[in-house]
Every structure is written in structure tokens, then in C-alpha cells.
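Student: I should like a close look at a single residue of this protein chain, together with its surroundings. Please give one connected account.

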Amino acid sequence: MDRKSQNPSLKRELGLLEVTLSGVGIILGAGIYVLIGQAAGLAGNALWLAFGLSAIIALLTGLSYAELSSMFPKAGAEYDYVANAFNTRLAFVIGWLVFLSGILAAATVALGFAGYFAALTSVPLIISAVVLLVLLTVLLGYGVKETARVAVISTLIEAAGLVLIIALGLPHLGSVNYWEMPQGFSGLFAASALIFFAYQGFESMVKFSEETRSPETTVPKALILAVVISVIFYVLVALSVVSLLGWQELSVSKAPFSDIVSGTLGPGAAILIAVVALFATANTALMSMYASSRILYGMAGSYRFTARFARVHPGRRTPWTAIAFCGVLSIALLFSGDIAFIANVTNFTLFVTFIVINVVVIFLRFHSPVSPRPFRIPLSIGRLPLIPLAGLVFCIFLLFQQDLPVLGFGIALTVVGIILLVIAESGGKRKA
């Protein structure tokens, strides 16, 4: 018998507001606070366009997630989608990449949190990063409702910080050439590939499915709303920051938002944006760990090797062993290296996953055309859905915008997933 069937089920407590704001919270998180300077060095004043290009790809693939989440409203998300379309072997490798992307993001963003915290308190980076990850692990284990409440509050705070940046930049709109690209279109595309990390999170929203009321309709609506809201914020912020600093100064700034606020409102105001950044980075780490723990839980029933991660706490109704493992691994990865490199490695795992997800939507349109789809992507030629096809093409394009070291490291991580699959299969599958 599947060990998951012997456990209590996850608790359905989330509605459209909680899922949407939690999604906005992870999307609007650390990416824009820590990567906007590097992206400006690549895209120049056309930074806003790089955000727009990444947004198109995110939305195209987001619609694929919306359709699949309406068909298979499971916490395992990508694992369940691929398993239903193809087989559990490919599903395991994709699930591994998705799990890893969340853990890498959590560790990297925790160090970003530690950097802001050190600027305010002088606490060593590693100590504050470890403490943050421990506290987030405890929160995740305590309950999904409590986790969602913290995510919603953090989202409102980080959104307020971005609104402040936009408000400071609006009077300066038109002060620069917004089409200036110092490295041409190659720099623009490279910036778009890097910036895609800032949109990471929309795919995590489908992992709320087993803890959401009416997930077949609620999760697709929340996903689309979260992406659209985030795109509007990002484009306005990009226009504002290049108007205030210009791409040259922006690209060399260690803390561009703090520089903007202190330069316009005085040095004391920089503390405010630093506090906002703490909430943004903590929220991103929280939701990244949430997503990784849920896909690990979703994969747990297939192999004896992973069965221990199916355990649900009888009182709190949370997958506590999966959460604990994510917390420990995130702490272990705190020394993972340069944030831009790790962001691009995370993007590699996402691009590969998104390629497969778009293929799954296309395949199921032909293989299972009459299966119920509470949300169905519009625009098709016969059974061929055009939007997932476009998402597939764009994801392949951005994947090959990555540098060779990133591609090599990403391929190595994929091979590790295949090795783990062999180990899992040697231990045998769980019986249904």
C-alpha cells in the first residue's frame, strides 16, 4: 500500500486571495532586489524590455501550468503532470530538478537576506542565514495557514517597497533613452535569461493544489493574476530605476534600491528599503522551501527510496519529513557561491522543466483530448495549442542563452537526478 494513503491528507484552507498573494510574494521577492544591477549592465536602459520579454515567456508557460493544474490538482505538480503524460522515470528527473531549483533559490536568497541583515546589525552572514532557514522550516512545519498569512503580510510589505521606488521614479520618466542597449540584442537576451529568475515562483503556485479549496479553478485563476500583477510591478520599477540612476550607475551599485532612496529621501530612508528587502528575501526563501517540500511529498509515494517523505504530521497536517529535509539541505547549500551564477543554474532547471511542461500540454491535447480541463488554454489549430508551442520555443531559446559553465553545471545536476532514479528503482516501487 502507498504510504501516503496511510497518512492524514493535507488540510484545504486556502482561497483565491491567499494563493494569489502568496504567488505574487514569491515572484516579487529577491530576484529584483539582487539581480537588477547585473541585468542593467547587460540590457542598459532597455532593462524594462528585458523584464517584458521574460514576462512573455513566464506567462506562456504559466498558462500551461494553469491547464495542467486544473486537470491534475496535486501537490506533486510537475511530477504528476509528467507521470500522467509519459512515465514516472521522466517525472522523477523533472521532479528532482524542480525540487533542486527551490532549494538552490532558498539558500541563495537566505544569503541575500543575511547581507541586508548584516548591514543593519553587523551579524555574520552565515549565522543570520542559518537562523532564517531554521525559523522558516519551523513555520512551514507548523501549518499552511500560518505560512500563507506570513507570506501575505510579507507580500504587502515588499509590494509597498516597490511602490515607493515607482513613486520616486515617476517624476523622472522620459529623462533617458529607454531603448539604449550597450551590448545590443545579445545583451538584451542575456539580461532576459538572467531576469527570468525574478519571475521564479509562478510555477510553485500549483503546489498549493492539495491545500486549496476548489483547486481546479482557484489555482489557474490565482496563477494568471499573480503573473500579470508582477509584470506590471517589474516593468514600472525597471523604468523608474533607469530614469533615476541610468544603467551605468545602476550596473555598479551594490544596493541600487537603497542608493535610490537615500539619494532622494536622505540616508536615513535607506534603512526603510533595507527592512523591506529583508521581508522580500525571507518571503522568497519561505515559498521556495514550501514548493520544494510539496513536490518532494508528491513524489514520495512512488518509490521505497522516497517513501519517508510522505509522512504527514497528524496534528498540523503538514509533510513534516519533507519540510525538515528541505530545511537541512538549504542550510547545507548556503556556500553555493556567486548569486548570479546560482540564479542562472536555477534558471537552467526551470527552462528544462518548462520545456517538458509545454510538451506535456501539447501531448495531452492529442493523447487525451476529451479529458476534463476546467481551465483550457485558448488558441489552437486543430488539436495543436499555439501558446504552449510558443512557450516551448521561447524556453529553448533562453536555455541556450546561458553560459557554458551554467549549462555544464545544470547538465551535471540532471545526471545526478538520473543516478538517484537508478538508486530509487533498485529499491523498488511502492505498491499502489
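Tutor: In this predicted model, leucine 245 has a relative accessible area of 17%; since the cut-off for burial is under 20%, leucine 245 is therefore classed as buried. The residue belongs to helix H9, which comprises residues 215–252. When neighbours within four places in sequence are set aside, the contacts of leucine 245 are with Leu250, Pro256 and Ile260. Phenylalanine 257 follows 12 residues later in sequence, and its C-alpha atom lies 10.0 Å from that of leucine 245.

Another helix, H5, may be described next. H5 covers residues 88–121, and 24 of its 34 residues are buried, so that the helix is mostly covered. At 1.5 Å a residue its expected span is 50 Å, and its end C-alpha atoms are 48 Å apart, which agrees. The N-terminal end of H5 is capped by asparagine 87, a side-chain oxygen of which lies 3.1 Å from the backbone nitrogen of arginine 89. After H5 comes serine 122, with a positive phi near 70°.

The chain as a whole provides the setting. It contains 15 helices and 2 strands, and buried residues make up 60% of its 432 residues. Its radius of gyration is 21 Å, in agreement with the value near 22 Å for a compact globule of 432 residues. The C-alpha trace spans about 65 × 50 × 40 Å along its principal axes. Of the contacts with a separation of 6 or more, 84% join residues 24 or more positions apart. Carbon and sulfur atoms account for 70% of the accessible surface of about 16,000 Å².

Methods. Residues numbered from 1 in each chain as written. Predicted model: local features only at pLDDT ≥ 70, side-chain atom pairs only at ≥ 80, totals over all residues. Heavy atoms only, no water. Helix = DSSP H or I, 4+ residues; strand = E, 2+ residues; numbered from the N terminus. Buried < 20%, exposed > 50% of the residue type's maximum accessible area, 1.4 Å probe, protein only. Contact = heavy atoms within 4.5 Å. Expected span 1.5 Å × (residues − 1). Polar contact = N/O pair within 3.5 Å; in protein donor to acceptor, adjacent residues only side chain to side chain. Rg over C-alpha atoms; globule rule 2.2 N^0.38 Å. Areas by Shrake-Rupley, 256 points an atom, 1.4 Å probe, with all protein chains shown as cover.
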